[in-house]
Structure formats: C-alpha cells, structure tokens
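Here are a few exercises on helix packing and sheet layout, each with a worked solution. Have the model open while you go through them.

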Amino acid sequence: MPRRKELSEDLRSRIVDLHEAGKGYKSISKSLDVHVSTVRQTVYKWRKFSTVATLPRRGRPVKMTARAQRRMLHEVKKNPRVSAKDLQKSLAHANIFVDTSTIRKTLNKNGVHGRTPRRKPLLSKKNIAARLKFAKEHLDVPQHYWQNILWTDETKIELFGKNTQHYVWRKKGTAHQHQNLIPTVKHGGGSIMVWGCFAASGPGRIVVIDGKMNSRVYQDILQENVRPSVRQLKLRRGWVMQQDNDPKHTSNSTKKWLQQHRIRLLEWPSQSPDLNPIEMLWHDLKRAIHTRHPKNIATLKQFCEEEWSKITPDRCAGLICNYRKRLVEVIAAKGGSTSY
C-alpha cells in the first residue's frame, strides 16, 4: 500500500466509531482502505488522549541543554563582550556542537541581546565616591537652589563630524552610488570650540573660542560673559556658578581670579558630564547645526550662534525642573554611570 498523507480528522473519527461498534483492525483497514498499523495507532491515540486531533509535535531535539544554557549565560554575565564564536568554542569543550545562530537565538530567548555599548567616562573608585557624596548631599536641597545656578561648559563642534548612525534605502549593488554615500573629511573638516552657559530662566551667552584654550583665555571668557549672563538671566543674589574640573578651570591662576571676582562655585565631582544639564543643550545645538549643513568654518560659527539663540526658556526650565532625577539615578547606581 503506498504511503499517504496525514489522515483527516473526519477519517480518524470514522475509525474510532467503527472500533467502538465492535469492528476489528483488519476489518476497519479493509473497509476504509487504511493500513492496519495506522488504524491501530489512531485507536491507541484516542484511548490515551481522548481526541483524534493532531497534537503538537516536539520537533527536532534541542542540542542546547538546560545545563549548557546556564553555562553560556554565566559566561555572558561574567564577560558581556564575549563573542558568539568564543561561546561556540567554549560549548564545544563540553561536547555541545551548535551554530552561532543557535547561540544568539538562545541568548535572545533568555532576554540577552547584542547591543552597541554606551560610551561613558571612565570612573575610578575616587570618582564614584565623589559622585555618590554629591548626589546624597544635594538630594533634598530646595528647587530654587538649582534655579539660581549658572551652568557652564565647553564643547567642540565639528564641521562634518556628527557621529550618528545613518541609513539609506538602496538596491543590491548600488552601495557606492553617490546618493548612497556619506562623504567624510579628515579630522571632521575642521571644528570650533565654544563656551556657553545657561540657567533655568534660559540660555546665557555663547562664545566661539579662537586659538588654543588655556587658563588665561578661560579667565577672559569669564570676565566678559559671566556677570552679563547673570544679569540677562536675572539670577538672584547668592547665585552660584558650575564648572567641571578641567585643568584650565582648577589652575592656581583661575582659582585666584575667581576669588578676586567673588564668584562662588558649585563643588563638582570629576568625570560627571551626566550631572551637567548643559550637555543636553549641546546635543540640541549640534543636531540643529548639522541639519543646516554648514559648508565652512564661517557658516559653522554663524549657525552655532543662531541656533543657540533659538533655545527656549521652557527647554532650560525643564532640564532644571527634573534635576533631582539625575541625583536619584546616581544614588541608585551607587555613584556609577547613569542613563543621562
């Protein structure tokens, strides 16, 4: 008798009905033209599971045992940068031979996915302790304290250097066509260094720095821009300036200059750009500038000043309003890196 496709549920039901009516396996096989072994298996299945429906099949036996999965997850937890190839070799030592795609699928099923690691400043034990101390000491200060701080920082803006992932829709074999390329220029095609400040009431002054930045240049920038920004932003008496611990900011000459001009500083933990909300404004600024595609350094400077002036007071107020959340996250991370 030639091999047939899977029996329909209707035919299986008829087999069971005939069996219940007292018919034998051979009689049912002959009357329905079904092999005797198939009749026997259908009746056996009905007796065991009380159904003639197709039950879920197990499929191919898994090679990745529960023990192998635990071993692999332990290795990934111990070293998140381990590659699928390395895991494959490790499993092979335990006589488990699987493809790298199986390893990735197994990790995904266990909630572990391959992702690009976030870039964060390197934190020493001293940095971590200082960050945690800062967060705990300032966690419960009133909101008006943060609203009376002038936040400052410097950043570099490259002409063609916006480091984001881009995608294009293209057909196979068209990767090198002009419209599917992103032009690159050595060293970003040139760049500018800018100093800026802001407070909860809005953006302050921004300065494009010409030449090399040193303590003297930094002091000149503060001389010309800090107090005018304080007046512009209407900060109250007793205002405080924030700056990071760059060597230009902490040199003896700069410390002396700050004391002479009676500028109070916010004690700041090193390696903590995530605690300075001006970083969010730099992100906004760079995105806005590169959307306009500056062609040279002159237009880069022009766009920088124009886009900085477009930052709204509401945007600034929102960054300061939520500042406590940053401190909470630092404490939750025990002084480690945060999502900011």
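**Exercise 1.** Work out how α12 and α13 are oriented to each other, and what their contact is made of.

*Solution.* The end result is that α12 and α13 are oblique to each other, because their angle falls in none of the named ranges (under 35 degrees is roughly parallel, over 145 roughly antiparallel, 65 to 115 roughly perpendicular, the rest oblique). To get there, take helix α12 (residues 278-291) and helix α13 (residues 297-309): they pack at about 125°, with axes 9 Å apart. Axes here are lines fitted to C-alpha atoms, for helices over the stretch in contact, and angles between N-to-C directions run from 0 to 180 degrees. Next, the hand: the crossing of α12 and α13 is right-handed, meaning the near helix is turned clockwise from the far one by less than a right angle. Then the contact (heavy atoms within 4.5 Å): I278, L281, W282, L285, A288 and I289 of α12 meet L300, F303, C304, E307 and W308 of α13. Sorted by class, that contact of α12 with α13 has 10 nonpolar, no polar and 1 charged residues. Ala, Val, Leu, Ile, Met, Phe, Trp, Tyr, Cys and Pro count as nonpolar, Asp, Glu, Lys and Arg as charged, and the others, Gly among them, as polar.

Before moving on, note that this is a predicted model, where local features need pLDDT of at least 70 and side-chain atom pairs 80 or more, while totals for chains, interfaces and linings use all residues. Residues are numbered from 1 along each chain as its sequence is written, and side-chain values use heavy atoms, leaving out hydrogens and water.

**Exercise 2.** Find the strand order of the open sheet, and say which helices pack on it.

*Solution.* Helices (H or I, at least four residues) and strands (E, at least two) are DSSP runs numbered from the N terminus, and two strands pair if DSSP finds at least two bridges between them. The order of the 4 strands is β3-β2-β1-β4, with mixed pairing. At the edges sit β3 (202-209) and β4 (240-242), each pairing on one side only. Strand β1 (residues 149-158) runs parallel to β4, joined by 3 bridges, and I149 stands opposite V240 in β4. Now add the helices: α12 lies across β1, β2 (191-199) and β3, at about 35° to β1. Helix α14 (residues 313-321) also packs on the sheet, touching β1, β2 and β3, and its direction makes about 75° with that of β2.

**Exercise 3.** Classify the packing of α1 on α3 and of α4 on α6.

*Solution.* Start with helix α1 (residues 9-20) and helix α3 (residues 36-49), whose axes come within 10 Å and cross at roughly 85°. So α1 and α3 are roughly perpendicular to each other. Their contact divides into 5 nonpolar, 2 polar and 4 charged residues. For helix α4 (residues 66-78) and helix α6 (residues 100-109), the angle is about 80° and the axes are 11 Å apart. That makes α4 roughly perpendicular to α6. Here Q69, M72, L73 and V76 of α4 meet I103, T106 and L107 of α6, with 5 nonpolar, 2 polar and no charged residues in the contact.
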